[in-house]
Amino acid sequence: MMESNVLKEPVPIYSADDGLFTPEIGSWGVQKYRLVGMYNELFSKGMKERWDRRVYIDLFAGSGKARLRDSGRVVLGSPLLALAVPNPYDRYIFCEQDSDAMNALKQRVSTLNTNLDVHFVDGDCNEQIDRIISKIPHYSSGTKVLSFCFVDPFSLDIHFQTIGKLGNYILDFLILLMLSDPMRNEDRYTEENSKRIELFLGVRDWREKWKSAKSRNMGIRQFLATEFANQMIMLGYREEALSSMVEVRSDDRNLPLYHLAFFSKHPLGYKFWNEVRKYATDQTSFEF
Ligand SMILES: C[S@@+](CC[C@H](N)C(=O)[O-])C[C@H]1O[C@@H](n2cnc3c(N)ncnc32)[C@H](O)[C@@H]1O
């Protein structure tokens with residue numbers, strides 16, 4: 001019943017320092033951990049009776065913990081938040097390209113001492129996507145498989161081709177769009193030889209679209225968010241993605257940092273995401 005899927009309170013995100021590799025992050029990371037932690041809780045519980053196998057995929061998994069620069073407090077990273085839910089997923093797939101981060105993550109998972117089904121993929125998620133996909137259990141009439149994929153790059157390092165391959169499966173995405181980077185470095189992203197936007201959007205003719213958007217006074221942030229969402233809509237994801245993006249701004253200067261964008265092909269996904277959004281301190285979405 002949906003009533004039982006209403007969150008009573010935010011999930012705990014703080015943790016002890018275990019001495020392993022723990023990268024520093026800004027305090028704005030707290031919002032991300034709260035929201036992804038809560039979404040995991042709702043999704044894993046709400047889908048338990050409806051699906052035979054629920055799979056959690058983290059393409060930019062990190063080391064499992066992070067330290068807040070200002071306070072020194074340690075928070076659980078996305079993989080450990082997903083492992084801590086009361087109704088664990090049936091399989092976890094963690095991809096990470098940095099060996100220090102991956103080693104720390106493996107150690108942290110092993111000390112949890114759980115019987116959970118965890119798979120690690122070392123390397124760049126864009127290059128390793130076929131290996132990642134090979135770890136998703138096969139769907140059959142007797143085994144219904146539903147996946148949730150968290151995409152949390154430092155910048156716009158996810159390739160649309162990677163998303164498109166995963167989009168062939170029954171899978172919801174929560175994608176952190178780090179749009180402050182192209183905003184600060186517009187020249188670098190748009191220079192003639194740069195392939196970054198082409199890879200991110202999966203569109204060759206994006207320069208013409210960008211020229212036309214600019215002539216309508218659209219900034220690069222809104223252009224990239226809109227084009228990315230349009231690409232997702234073409235894969236069959238619902239249009240609510242745009243109106244339900246959560247914007248996170250920096251604490252000190254109130255500048256836009258990133259958006260959390262949720263993509264599902266099914267209305268139930270948005271029911272969970274909208275529940276989680278109530279806990280976001282800033283719910284500004286792009287205006288269209
Ligand atoms: C913003 S951190 C994400 C942290 C993690 N999701 C969390 O919640 O703590 C990005 C991580 O992705 C890793 N990374 C960067 N590019 C990558 C790529 N192409 N494929 C896989 N991992 C990547 C970085 O080493 C870093 O640990």
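A residue is counted as near the ligand if one of its heavy atoms lies within 4 Å of it. In this predicted model, 15 residues surround the ligand, and the closest of them are Tyr 33, Phe 60, Ser 78, Glu 96 and Asp 152. The shell that these residues belong to is mixed in character, since its members divide into 6 nonpolar, 5 polar and 4 charged. The ligand itself is placed in the largest pocket of the protein.

Three of the contacts with the ligand may be described in terms of the atoms involved. For Phe 60, a backbone N or O atom lies 2.9 Å from a nitrogen atom of the ligand. Asp 152, by contrast, contributes a polar side-chain atom, which is found 2.7 Å from a nitrogen atom of the ligand. In the case of Glu 96, an N or O atom in the side chain is 2.6 Å from an oxygen atom of the ligand. The ligand taken alone would expose 600 Å², and 89% of that area is buried by the protein.

Apart from the ligand site, the model contains an open sheet of 4 strands, arranged in the order S1-S5-S4-S2 and with mixed pairing. Strand S1 (14–15) and strand S2 (24–25) form the edges of this sheet, and each of them pairs on one side only. The pairing of S2 with strand S4, which spans residues 65–68, runs in the parallel sense over 2 bridges. Within this pairing, Glu 24 has Arg 67 of S4 as its bridge partner.

How values were computed: Residues are numbered from 1 along each chain as its sequence is written. This is a predicted model: local features need pLDDT of at least 70, side-chain atom pairs count only at pLDDT 80 or more; totals for chains, interfaces and linings use all residues. Side-chain values use heavy atoms; hydrogens and water are left out. Two strands pair if DSSP finds at least two bridges between them. A polar contact is a pair of N or O atoms within 3.5 Å; within protein, one must be able to donate a hydrogen and the other to accept it, and residues adjacent in sequence count only if both atoms are side-chain atoms. Accessible areas come from the Shrake-Rupley method with a 1.4 Å probe; for residues, only the protein chains shown count as cover. On a 1 Å grid over the protein atoms alone, a cavity is a set of points where a 1.4 Å probe fits but cannot get out, and a pocket is an open set with protein on both sides within 12 Å along at least five of seven lines; lining residues have an atom within 4 Å of a point. A molecule sits in a cavity or pocket if more than half of its atoms lie within 2 Å of its grid points. Ala, Val, Leu, Ile, Met, Phe, Trp, Tyr, Cys and Pro count as nonpolar, Asp, Glu, Lys and Arg as charged, and the others, Gly among them, as polar.
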